Protein chains: 2
Amino acid sequence: MNTLSREFPLWGSGGFSFAIIVAGGSGLRMGSEIPKQFLPINGKPILIHTIEAFLQIPNLQVILVLPQKDIEYFNSQIKEFPHSLIHQFTNSLIVEIGGSTRFQSVKNGLAQIKAESGIVAVHDGVRPLISREIIEKSFEIAYQEGSAVTSVMLKDSARIINEDGSNQAIDRTRYRLMQTPQTFRLDWMRDAFNSPEQPFFTDCASVLEYAGYKINLIEGSYENIKITTPEDMALAEAILKGRG
Amino acid sequence: MNTLSREFPLWGSGGFSFAIIVAGGSGLRMGSEIPKQFLPINGKPILIHTIEAFLQIPNLQVILVLPQKDIEYFNSQIKEFPHSLIHQFTNSLIVEIGGSTRFQSVKNGLAQIKAESGIVAVHDGVRPLISREIIEKSFEIAYQEGSAVTSVMLKDSARIINEDGSNQAIDRTRYRLMQTPQTFRLDWMRDAFNSPEQPFFTDCASVLEYAGYKINLIEGSYENIKITTPEDMALAEAILKGRG
């Protein structure tokens with residue numbers, strides 16, 4: 001690793017910081033042959049934006065988890081961006097083959113981490129607008145508390161569907177929508193991902209919770225969108241333009 | 001009303017269909033002096049898009065509820081769009097002065113309805129992308145069931161904050177985010193809006209529920225966004241372009 005060229009880990013000594021970036025989507029909902037994580041926003045593939053957001057963080061090791069069929073394509077894509085941070089920190093990026101589910105993919109990524117201790121952020125490959133501030137905050141808080149899961153408030157009124165099919169208003173201020181990064185102590189992650197996969201594992205927080213770990217929520221951002229439709233791409237470009 | 005030039009009400013005879021469009025926002029979050037409902041998407045103010053979406057529906061009376069300070073501006077804006085449906089159906093649009101809260105504004109709009117029976121849709125002025133199909137469906141279902149509230153599923157994992165500050169995963173498939181239109185029988189609306197205003201009245205569904213009426217949820221659309229930020233405007237334009 002090029003650690004000498006980079007600053008000391010923000011979250012403290014005694015371990016390393018890692019980011020597992022998971023990208024397994026197809027291009028189906030995009031009406032595209034190309035998996036959505038490779039579609040360009042502002043001229044650069046979504047996934048490269050995402051990886052670069054993490055490579056800005058000092059001393060961070062990125063494990064990119066991709067379906068096997070997409071790895072060659074990814075390698076050809078990064079060659080088209082010779083000034084990318086990816087080329088500046090080649091040793092900070094490992095590419096690993098994904099599994100059949102997100103849980104399996106994260107587990108594969110985790111298996112690439114050889115350190116004894118550290119902090120691991122898991123992030124969606126199609127959330128390219130994540131800010132450096134939020135990534136750093138998630139490492140800091142996870143170092144202090146064991147976990148730091150980004151989330152946002154509900155913007156709209158919400159209701160719950162009861163078992164009899166009726167529904168009722170809920171107090172939306174008590175609910176949070178999860179985003180990524182979801183950042184945890186490495187030992188917590190390793191233990192939790194040894195659990196047998198459950199159908200209700202919809203994100204890492206649900207895996208860690210199942211294993212008995214406390215989930216600490218931190219503030220995400222409405223700009224940190226998950227790109228799944230062509231309209232989301234236009235929104236992402238508008239947000240990037242707004243940032244100048 | 002120009003009823004002769006329009007088709008028969010979709011939802012049946014014996015009354016009228018009404019839409020109360022509520023627009024009371026400021027331009028603050030937009031970084032604009034102009035209230036957000038007047039900002040243009042694809043060259044036309046958001047609010048005019050919204051009104052036109054409803055004027056497409058045969059035999060519909062629209063009650064637009066605006067802050068007093070904005071009425072003159074609205075009148076000047078519509079003059080700039082001589083081909084708007086608003087000029088084609090001038091008698092189908094009433095403008096009413098808003099109250100200090102959304103509840104009061106809807107109540108003011110409701111007071112403009114003189115019919116004995118009918119169906120009333122309430123819609124946010126800053127949701128211009130509502131489709132004709134969803135509006136019509138909401139009238140049909142409200143005619144049959146008394147209420148039809150548009151809603152969508154949660155896209156992300158979600159958690160609930162417990163009273164002790166801890167949090168836990170929820171089954172997101174049991175939750176819905178509310179949109180508008182929220183469409184009801186006129187007599188239900190009148191009765192419900194006679195209730196004293198409550199702090200938990202975040203939408204019409206919560207008002208009708210408080211008065212004891214059954215809330216029937218129908219499918220909304222992720223495209224039916226509420227425009228509150230400059231990025232939402234870019235998204236709205238992208239969705240409009242996608243529709244051709």
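# A guided tour of chain A

Begin with the whole of chain A in cartoon view: its secondary structure comprises 8 helices and 11 strands. The model is predicted.

Keep chain A selected and turn it along its principal axes, where the C-alpha trace spans about 55 × 45 × 35 Å. The radius of gyration is 18 Å; a compact globule of 244 residues would have a value near 18 Å, so the two agree.

Next, colour chain A by burial. Of its 244 residues, 58% are buried. Displaying the accessible surface gives about 10600 Å², with carbon and sulfur atoms contributing 50% of that area.

Then select the charged side chains. Chain A carries 23 positive and 27 negative ones, and the centres of the two sets are 1 Å apart.

For the contacts, consider those in chain A with a separation of 6 or more: 74% of them link residues 24 or more positions apart.

Now select residues 147-153 of chain A, which form strand β7. Is this strand mostly covered or mostly uncovered? It is mostly covered, as 6 of its 7 residues are buried.

Extend the selection to residues 175-185, strand β10 of chain A. β7(A) and β10(A) run antiparallel and are joined by 6 bridges. To find one point of this pairing, pick A:Ser147, which stands opposite A:Phe184 in β10(A).

Finally, add residues 217-219, strand β11 of chain A. Which way does β11(A) run relative to β7(A), parallel or antiparallel? These two strands run parallel, with 3 bridges between them. Centre the view on A:Thr150 to see its bridge partner in β11(A), A:Ile218.

Technical notes:
Residues are numbered from 1 along each chain as its sequence is written. Chains are lettered from A and ligands numbered from 1 in the order in which they are written. This is a predicted model: local features need pLDDT of at least 70, side-chain atom pairs count only at pLDDT 80 or more; totals for chains, interfaces and linings use all residues. Side-chain values use heavy atoms; hydrogens and water are left out. Buried means under 20% relative accessible area, exposed over 50%, partly exposed in between (1.4 Å probe, protein chains only). Helices (H or I, at least four residues) and strands (E, at least two) are DSSP runs, numbered from the N terminus. Two strands pair if DSSP finds at least two bridges between them. The radius of gyration is taken over C-alpha atoms; the globule rule is 2.2 Å times the number of residues to the power 0.38. Contact means heavy atoms within 4.5 Å. Accessible areas come from the Shrake-Rupley method with a 1.4 Å probe; for residues, only the protein chains shown count as cover. Lys and Arg count as positive and Asp and Glu as negative; His and the chain ends are not counted. The place of a charge is taken as NZ of Lys, CZ of Arg, CG of Asp or CD of Glu.
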